[in-house]
Amino acid sequence: MTSLSTHILDTMHGRPASGLSVTLSGPDGEMARGTTNADGRCPELAPAGLAAGRYTLRFAVADYFRALAVTLAEPPFLDEVAVEFGIAADGGHYHVPLLVSPYSYSTYRGS
């Protein structure tokens, strides 16, 4: 069975990104929406049994930084970060973390 998790870290402030909106889309469109908890995780985006295919996680980073009173350019350098990734037919767990600041981000397949 294939499962998915995500974890967002705010590298500007050196802490988990609490209150950041995340959307999961799959081959048939939007699947789930959620907001990160105090640990920067989004448990509502943890569906089990994901089919093989292409998926996208969208992270509302500009809204998150604005809520923290960070002054951003208009338009912001990063507004939404979209991470597109594939799930293989062999299943397993996919962890897609995001490390983000107003001007950069990185991601990888975690464990």
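Glu30 is partly exposed, at 48% relative accessibility. Glu30 forms a salt bridge with Arg33, with 2.7 Å between the closest N and O atoms. Arg33 is exposed, its relative accessible area being 57%. The model is a predicted one, and five salt bridges are found in it. The points below cover these charged pairs, an open sheet of four strands, the largest nonpolar core, which has 28 residues, and three aromatic pairs.

**Salt bridges**

- Arg33 counts as exposed because its relative accessible area of 57% is over the 50% cut-off, whereas Glu30 counts as partly exposed because its 48% falls between the 20% and 50% limits.
- A further salt bridge joins the side chains of Glu80 and Arg58, at 3.8 Å from N to O. This pair links distant parts of the chain: Glu80 belongs to strand E6 (residues 80-87) and Arg58 to strand E5 (residues 53-60), with their positions 22 residues apart.
- Glu80 is partly exposed, with a relative accessible area of 48%. Arg58 is also partly exposed, with a value of 34%.
- Asp63 and Arg66 form a salt bridge in which the closest N and O atoms lie 3.5 Å apart. Both residues are in helix H1 (residues 61-67), where they are three residues apart, about one turn of the helix.
- Arg66 is partly exposed, at 38% relative accessibility. Asp63, Arg66 and Glu74 are joined into one network by salt bridges that share partners.

**The open sheet**

- The order of the four strands is E2-E1-E7-E8, and their pairing is mixed. At the edges are strand E2 (15-16) and strand E8 (104-107), each of which pairs on one side only.
- Strand E1 (residues 2-10) pairs with E2 in the antiparallel sense, over two bridges. Arg15 in E2 is the bridge partner of Asp10.

**Ser5 and its surroundings**

- Ser5 lies in strand E1. With residues up to four places away in sequence left out, Ser5 touches His93, Tyr94, His95 and Val96.
- Ser5 and His93 are 88 residues apart in sequence, while their C-alpha atoms are 8.0 Å apart in space.
- The side chains of Ser5 and His95 make a polar contact at 2.6 Å.

**The largest nonpolar core**

- In soluble globular proteins, nonpolar side chains tend to be buried together.
- Among the 28 residues of the largest nonpolar core, Phe59, Val61 and Phe85 touch the most other members. Two or more residues of this core come from each of E1, strand E3 (21-26), E5, H1, E6 and strand E7 (92-101).
- Setting aside neighbours within four places in sequence, Phe59 is in contact with Thr6, Ile8, Leu20, Ser21, Val22, Asp79, Glu80, Val81, Val83 and Leu98.
- Glu80 thus appears in two settings: as a contact of Phe59 and as the salt-bridge partner of Arg58.

**Aromatic pairs**

- The whole structure holds three aromatic pairs. In the pair of Tyr64 and Phe65, the ring centres are 4.9 Å apart and the planes are at 70 degrees, so the arrangement is edge-to-face.
- The angle decides this class, because planes over 60 degrees apart count as edge-to-face.
- Tyr64 and Phe65 are both buried.

Methods:
Residues numbered from 1 in each chain as written. Predicted model: local features only at pLDDT ≥ 70, side-chain atom pairs only at ≥ 80, totals over all residues. Heavy atoms only, no water. Pairing = 2+ DSSP bridges. Salt bridge = Lys/Arg side-chain N within 4 Å of Asp/Glu carboxyl O. Buried < 20%, exposed > 50% of the residue type's maximum accessible area, 1.4 Å probe, protein only. Contact = heavy atoms within 4.5 Å. Polar contact = N/O pair within 3.5 Å; in protein donor to acceptor, adjacent residues only side chain to side chain. Core = buried A, V, L, I, M, F, W, Y, C linked by side-chain atoms within 4.5 Å. Phe/Tyr/Trp six-rings, centres within 6.5 Å; stacked < 30°, edge-to-face > 60°.
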